[in-house]
Amino acid sequence: MRFFKKPAAPPTPDEDGPGSAPPNVSVALAAVVDGVQGVIAAAVIDHETGLALATAGPADLDLKTAGAGHLEVFRAERDLLAVLGIDDRLEDILITLGSQYHLIRPLAAGQPLLLSIVFDRARANLGLARHHLRDVEARLGAAVAD
């Protein structure tokens with residue numbers, strides 16, 4: 001399943017209001033798209049409410065729907081670990097498609113947030129991306145805390 005749709009309007013930053021993130025989170029998220037090789041789009045998802053707090057990427061990618069789907073995958077894996085009695089931190093979840101990778105990564109800064117990233121499989125280096133995302137994760141956690 002591809003999360004593409006026809007663009008209704010030019011891309012705009014997320015509007016302020018309930019469920020929106022501070023502007024510095026949007027800036028940090030845009031840095032993920034621009035600074036990590038192969039990233040097509042990214043979103044910060046509140047894993048308690050399912051809301052996309054910030055998104056960055058092309059207008060034809062439905063990041064809010066992708067984020068909601070990624071939240072369900074995260075919840076299922078978290079619940080499975082609990083049932084199995086595995087007391088460990090869920091670092092990330094990788095979904096591989098023919099042309100894309102989808103990476104779901106809980107932010108470690110204590111906030112109930114997920115980083116949802118879509119990669120172009122032909123251009124992505126997942127090892128390098130995961131290394132870079134540890135630094136990005138710290139900046140996003142600090143931006144959310146501000």
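Student: Why is Asp92 called buried?

Tutor: In this predicted model, Asp92 has a relative accessible area of 18%. The term buried applies under 20%, so Asp92 with its 18% qualifies.

Student: What makes Arg105 count as buried?

Tutor: The relative accessibility of Arg105 is 3%. Since the limit for buried is 20%, Arg105 falls under it.

Student: How do you know that the side chains of Asp92 and Arg105 meet in a salt bridge?

Tutor: Their N to O distance is 2.9 Å. A salt bridge requires a side-chain nitrogen of Lys or Arg within 4 Å of a carboxyl oxygen of Asp or Glu, so the pair of Asp92 and Arg105 satisfies the criterion.

Student: Which parts does the pair of Asp92 and Arg105 tie together?

Tutor: Asp92 belongs to the loop between H2 and S3, and Arg105 to strand S4; the pair therefore ties together parts 13 residues apart in sequence.

Student: What makes the contact of Arg130 and Asp92 a salt bridge?

Tutor: Here the N to O distance is 2.7 Å. That value lies within the 4 Å limit, so the term applies. Arg130 is in helix H3 and Asp92 in the loop between H2 and S3, 38 residues apart, and the pair thus links distant parts of the chain.

Student: Which residues do salt bridges that share partners join into one network?

Tutor: The network consists of Glu91, Asp92, Arg105 and Arg130. Glu91 enters through a salt bridge with Arg130, in which the closest N and O atoms are 3.0 Å apart. Glu91 lies in the loop between H2 and S3 and Arg130 in helix H3, so this pair ties together parts 39 residues apart in sequence. In total, the structure holds 7 salt bridges.

Student: Why is Glu91 called partly exposed?

Tutor: Its relative accessible area is 30%. Buried means under 20% and exposed over 50%, so Glu91 falls in between. Arg130, with a relative accessible area of 28%, is likewise partly exposed.

Student: Why is Leu84 called exposed?

Tutor: Leu84 has a relative accessible area of 53%. Exposed means over 50%, so the term fits. Leu84 is found in helix H2, residues 63–84. Together with Leu80 and Ile86, Leu84 makes a nonpolar surface patch of about 270 Å².

Student: How do you know that strands S3 and S4 pair?

Tutor: Strand S3 (residues 93–96) and strand S4 (residues 100–106) share 4 bridges in the antiparallel sense. Pairing needs at least two bridges, so the 4 found here suffice. One of the residues involved is Ile95, whose bridge partner in S4 is His102. The two strands are joined by a hairpin through 3 residues.

Student: Which residues of the largest nonpolar core touch the most other members?

Tutor: They are Val32, Ile117, Phe119 and Leu133, out of 23 residues in this core. The elements that give two or more residues to this core include helix H1, strand S5 and helix H3. Apart from it lies another core of 13 residues, among them Leu63, Phe74, Leu90 and Ile93.

Student: Which residues does Leu133 touch, not counting residues up to four places away in sequence?

Tutor: Leu133 touches Val32, Val36, Leu103, Arg105, Leu115, Ile117 and Phe119. Arg105 in this list also takes part in the salt bridge with Asp92.

Notes: Residues numbered from 1 in each chain as written. Predicted model: local features only at pLDDT ≥ 70, side-chain atom pairs only at ≥ 80, totals over all residues. Heavy atoms only, no water. Patch = residues over 30% accessible without salt bridge, like charges linked within 9 Å, V, L, I, M, F, W, Y side chains within 5 Å. Areas by Shrake-Rupley, 256 points an atom, 1.4 Å probe, with all protein chains shown as cover. Buried < 20%, exposed > 50% of the residue type's maximum accessible area, 1.4 Å probe, protein only. Core = buried A, V, L, I, M, F, W, Y, C linked by side-chain atoms within 4.5 Å. Contact = heavy atoms within 4.5 Å.
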